[in-house]
Amino acid sequence: MSIAVRTRALCLGVAVWAGSAAAQEAPEPAPAASDRAAGEIRLGPLILTPRLVFGGLGWESNLYLVGEDDAGSRPKVNDFVVSGGPGLGVRWPFTPKFKLDVDSDLNYIWYSETASQRRLTGGVDGRFVLDSSPVRLSAGYQYRSTFERPSPEIGQRIETIESGPVGSIGFALPGRLGFDLDVDYRDAKAPEQDDLGGVIGNEVQRRLSRTTTTVRPALSYGVTPKTRVFVEGRYEAQRYDSKTALDADTYGGGLGVRTDADTLLPGEATVGIERYEPAAGTTPPRDSVYARVELRLELSPRTRFMPRYRRERAVSLLPTLGDTQTVIREDIGLSIFKELITNRLDLQVTLTRESAQPDGDGLVIDVGSGVQAVARDEVYYGAVGDLGYRFGPLRLGVMAEWRNRSRTLVATQTAQGFRLGLSARLTPH
């Protein structure tokens, strides 16, 4: 069944189910206008939350993020770019405990001269939610199309489409115990792009086209009313459309701690061990440490720091040397929010470092003189600064973005790119 057919079937199923539920139980009475959250629009039983995100207007110096040595295969290109689009949140409360939540958005990226890089992307996430203590259930469907660089070693944006059902179940057990189970199925496709030709381009597309089934159970305990520790498990099965040799299962588990938003240091930190096991059995399994950290530090009412860290094993999007096709990815980031002078003027800064370390002896790449086997690691640095002023729900800003990709043993493959321009965001709530 095609993605378009599945999407239409989902919309029909949502309408039938919602109509049935609304007929069986009286809808939740709409609150008075004074009880409405800022930006909400009431339309009968529906609660709508529109928004508009203007991604930017400016100049980009290196569309394909290539280095000087790439001139023989792809020259540097700079262009004028505009991006942005609307979003809409929809809530339909059938009863006080049962509702439908839908969030959707569209984004169009337009380049003045480079027509091949123009894309309309977006997505929708629709879920039925039943919150009836001590049980919470959710079930729904996700669809999203993107046009971005899928990993540090890929300099060009690639179109991908992901879709599939999602679900979760949670129990509040006796005492301070809780149990949660998240399940999702993701079908990813990378349609052919005319300007992505060559061995490497075709290989990346084949490695992006796959299905992923993920099951994540977790048992938690409330140490305090605002802090929980948990033990989690993880099982993931990846199956590839045309690269069956990459089929593999990943399973493992870890420990973590989660704190509420009103604590001194809200966020979550998890560390564990996972095993990557190729389904074909032709290569030995690999054990590795995985970790996730996301924190929010309020240094003052005007200053906020949000550090994050992620480490995991993933399939390389480029062929690797050695007996496995995986890399260890490490992402480190820091977001800073600072109000300046008044609460209307603010500075937002995001810093990132992403690395890909092959398990084998290196990756197979094209450095401008044909396909070669090169032993090296990939490191990507990024920095974004946005100085803006808020006019009620509208924020206008001046932004600058810097990107740098380096390959440790191929000095000529260092590539830099800049984006300078304006930003705008309309968020009624």
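This report walks through the overall make-up, the aromatic rings, a nonpolar surface patch and some salt bridges of the structure above.

## The chain as a whole

What you see is a predicted model. Its chain has 429 residues, and 38% of them are buried. The secondary structure comes to two helices and 23 strands, so keep an eye out for strand numbers as you read on.

How much of the contact within the chain joins residues 24 or more positions apart? Among contacts with a separation of 6 or more, such residues account for 57%. On the outside, the accessible surface of the chain comes to about 21,800 Å², and carbon and sulfur atoms hold 60% of that area.

## Aromatic rings

Try finding the aromatic rings next: the structure holds five aromatic pairs. One of them joins Phe-94 and Phe-98, whose ring centres are 5.2 Å apart; because their planes meet at 40°, the pair counts as tilted. Both Phe-94 and Phe-98 are buried.

Phe-94 also pairs with Phe-128, and this time the rings are stacked, with 6.3 Å from centre to centre and 25° between the planes. Where along the chain do these two partners sit? Phe-94 belongs to strand 3 (residues 79-95) and Phe-128 to strand 5 (residues 119-132), so the pair links distant parts of the chain, 34 residues apart. Phe-94 and Phe-128 are both buried.

Step back and you can pick out a cluster: ring pairs link Trp-92, Phe-94, Phe-98 and Phe-128. A ring can have a charged neighbour as well. Arg-119 lies over the face of Phe-147, 4.3 Å from the ring centre.

## A nonpolar patch on the surface

Now turn to the surface. Leu-57, Phe-80, Leu-106, Tyr-108, Trp-110, Leu-120, Val-398 and Leu-422 make a nonpolar patch there of about 720 Å². Which strand gives the most to the nonpolar patch? That is strand 4 (residues 98-111), with three residues.

Leu-106 is a good residue to look up, since it is found in strand 4 and is part of the patch. Its relative accessibility is 45%, so Leu-106 counts as partly exposed.

## Salt bridges

Opposite charges meet often here, as the structure holds 35 salt bridges. In one of them, Arg-51 is joined to Asp-103, with the closest N and O atoms 3.1 Å apart. This pair also links distant parts of the chain: Arg-51 is in strand 2 (residues 46-60) and Asp-103 is in strand 4, 52 residues apart. Arg-51 is partly exposed at 21% relative accessibility, and Asp-103 is partly exposed with a relative accessible area of 35%.

Another salt bridge brings together the side chains of Asp-346 and Arg-390, at 2.5 Å from N to O. Because Asp-346 lies in strand 18 (residues 345-358) and Arg-390 in strand 21 (residues 378-391), the pair ties together parts that are 44 residues apart in sequence. Are these partners buried or partly exposed? Asp-346 is buried, with a relative accessible area of 0%, whereas Arg-390 is partly exposed at 24%.

Arg-395 and Asp-386 meet in a salt bridge too, at 3.1 Å from N to O. Here Arg-395 is buried, with a relative accessible area of 9%, and Asp-386 counts as buried at 13%. Through shared partners, salt bridges join Arg-302, Glu-339, Asp-346, Asp-386, Arg-390 and Arg-395 into one network.

Definitions and conventions: Residues numbered from 1 in each chain as written. Predicted model: local features only at pLDDT ≥ 70, side-chain atom pairs only at ≥ 80, totals over all residues. Heavy atoms only, no water. Phe/Tyr/Trp six-rings, centres within 6.5 Å; stacked < 30°, edge-to-face > 60°. Buried < 20%, exposed > 50% of the residue type's maximum accessible area, 1.4 Å probe, protein only. Helix = DSSP H or I, 4+ residues; strand = E, 2+ residues; numbered from the N terminus. Lys NZ or Arg CZ within 6 Å of the ring centre and 35° of its normal. Patch = residues over 30% accessible without salt bridge, like charges linked within 9 Å, V, L, I, M, F, W, Y side chains within 5 Å. Areas by Shrake-Rupley, 256 points an atom, 1.4 Å probe, with all protein chains shown as cover. Salt bridge = Lys/Arg side-chain N within 4 Å of Asp/Glu carboxyl O. Contact = heavy atoms within 4.5 Å.
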